[in-house]
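Got your viewer open? Here is a walk through the structure, one selection at a time.

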Amino acid sequence: PRVIRLAAAQMGATHRTDSRAKTMDRMLHLLDEASSQGAQVVLYPEIAFTTFFPRYIIHDKDELESWFEHGDVTTNPNTKPLFDRAKELHIDISVGFAEATDDGQHFNTCIYYSSHSGSILSKYRKVHLPGTFEPFDDPDAVQQLEKRYFKPGDLGFTAFRVPGLEKDEPSAGRGQPIFGMMICNDRRWAEAWRVLGLQGVEVVLCGFNTAGWAPHLWGSSPDQDPKEAEETALFHHKLVMQAHSYTNATFSISAARCGYDDGIFSLIGGSCIVDPEGKILVESKTIEDELIVADCDLDLCKQGKEKTFAFGKHRRVEHYKRITEQ
Ligand code: CDT
């Protein structure tokens, strides 16, 4: 067996007025708890260091920039404490943040930080940006202005090997664990998973912020019942995590930013760790800060990868051309 202990650090409400220091304290607290439970990898949500600011229309350039992380996220004083603590505790972390590059581009990004090497092992920039560029002309609408504030990711879906996790490495003979990352809306797209699946991915990481009620974006009508809308959103979240883990024979971890931001904006919970059979091993019970942990034997990916979804044997790419045509 190749067992590694994985965790999702779900984060509850983070208000527009919350200080970065307060949010960082919560993140460090979750990391300490992960350490006390022996977790080796902890996934934090999408845009974890601040509230989910793409719901606001922000005209002031300096204010907008203040929501982004500039420079190296592992050494910038705003975010450095998380990486320092991860290194000290020998825990790898993956965390999402709004990235401003040195040449002024903006992406919705996440990284995998290896405590083994003390450096960023891989970076992913969100490919599928939901929502709109222009806000809806309705004061009651829940906005999702990701198309306004971010460029589509330019790094593709690149799987990567992670050193230092397996105790008897590389005695298992299957090499270091293969991880892949995606962000929120990406999880709804079979193509994203399949590109990682084709690289032999064994653990997919996905942080998310999913509105429980956003009728202009995906509701059937503006007076949709909020409770029913939340239940449907939660159902779709689990549906895609379970189905795509199964069809790519991979474990997956999802970590929610959830709760009621500013006391009013509903974000679903439902952080979960799913096995390659599509079964939920553990899921969050609250919509607050909560750590979930599971032992995952990566050898359980073998059955699906070598039999049901042995891509080399069973795929029929000659019938898939439409997938990459405009
Ligand atoms: N953050 C993010 O990508 N959220 C989207 C919401 C889309 S429209 C309300 C999601 O797919 O969960």
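Start by selecting Glu290, and show Gln10 and Ser284 with it: apart from residues within four places in sequence, these are the ones Glu290 is in contact with. This is a predicted model, so keep that in mind at every stop. Glu290 sits in strand β15, which covers residues 290-297. Is Glu290 buried or exposed? It counts as buried, because 21 other C-beta atoms lie within 10 Å, and the cut-off for buried is 20 or more. For a sense of scale, draw a line from Glu290 to Leu64: the C-alpha atoms are 29 Å apart, with the two positions 226 residues apart in sequence.

Next, go to Ala7. Setting aside neighbours within four places in sequence, its contacts are Ala34, Ala39, Val41, Val42, Leu291, Ile292 and Val293. Ala7 belongs to the largest nonpolar core, which has 81 residues. Along with Leu6, Ala9, Val42 and Tyr44, Ala7 is among the members that touch the most others. There is also a separate core of five residues, including Phe107, Leu129, Leu145 and Phe150. In general, nonpolar side chains of soluble globular proteins tend to be buried together.

Now pick His15, in the loop between β1 (3-10) and α1. With 17 C-beta neighbours inside 10 Å, His15 counts as partly exposed. What does His15 touch, if you skip residues up to four places away in sequence? Thr51, Asp261 and Asp262. If you measure across to Val95, 80 residues away in sequence, you should get 19 Å from C-alpha to C-alpha.

Helix α3 is next, so select residues 80-89 and colour Leu82, Phe83 and Ala86, which are buried. Look down the axis: they span an arc of only 95°, so they lie on the same side of α3. The background is simple: an α-helix has 3.6 residues a turn, so residues three or four places apart point the same way. To see what covers these buried residues, add α1 (20-36), β4 (92-100) and β5 (106-114), which are among the covering elements. Just after α3 comes His90, with a positive phi near 60°.

While you're looking at backbone angles, try two more residues. Most residues other than glycine have a negative phi. Ile47 goes the other way, with a positive value near 40°. You'll find Ile47 in the loop between β2 (41-43) and α2 (61-66), and it is buried, with 29 other C-beta atoms within 10 Å. Cys184 also has a positive phi, about 40°, without being a glycine. Its loop runs between β8 (178-183) and α5 (190-197). Cys184 is buried too, with 27 other C-beta atoms within 10 Å.

Stay on Cys184 and bring up the ligand. Which residues come nearest to the ligand? Of the 14 around it, the answer is Pro130, Cys184, Asn185, Thr210 and Leu217. Sorted by class, that shell has seven nonpolar, five polar and two charged residues.

Now switch to a cartoon view for the sheet. Six strands make an open, mixed sheet in the order β7-β8-β9-β10-β13-β14. At its edges are β7 (160-161) and β14, each pairing on one side only.

Zoom in on β10, residues 251-256. How enclosed is β10? Six of its six residues are buried, so β10 is largely enclosed by the rest of the structure. Phe251, Ile253 and Ala255 are buried on one side, and Ser252, Ser254 and Ala256 on the other, so to speak two covered faces.

Now look at the strands that pair with β10. It runs parallel to β9 (residues 203-208), joined by six bridges, and Gly207 stands opposite Ala255. With β13, β10 runs antiparallel through three bridges. There, Ser254 has Cys272 as its bridge partner.

Cys272 leads you to the last stop, because β13 (residues 272-274) pairs in turn with β14 (residues 280-283), antiparallel and through three bridges. In β14, the bridge partner of Cys272 is Glu283. Between β13 and β14 are five residues, making a hairpin. Click on Gly278 in that turn to finish: its phi is positive, about 90°.

Definitions and conventions:
Residues numbered from 1 in each chain as written. Predicted model: local features only at pLDDT ≥ 70, side-chain atom pairs only at ≥ 80, totals over all residues. Near = placed C-beta within 6 Å. Nonpolar A, V, L, I, M, F, W, Y, C, P; charged D, E, K, R; others polar. Pairing = 2+ DSSP bridges. Helix = DSSP H or I, 4+ residues; strand = E, 2+ residues; numbered from the N terminus. Buried ≥ 20, exposed ≤ 12 C-beta atoms within 10 Å, placed from the backbone. Arc of directions from axis to C-beta. Contact = placed C-beta atoms within 7 Å. Core = buried A, V, L, I, M, F, W, Y, C linked by C-beta atoms within 7 Å.
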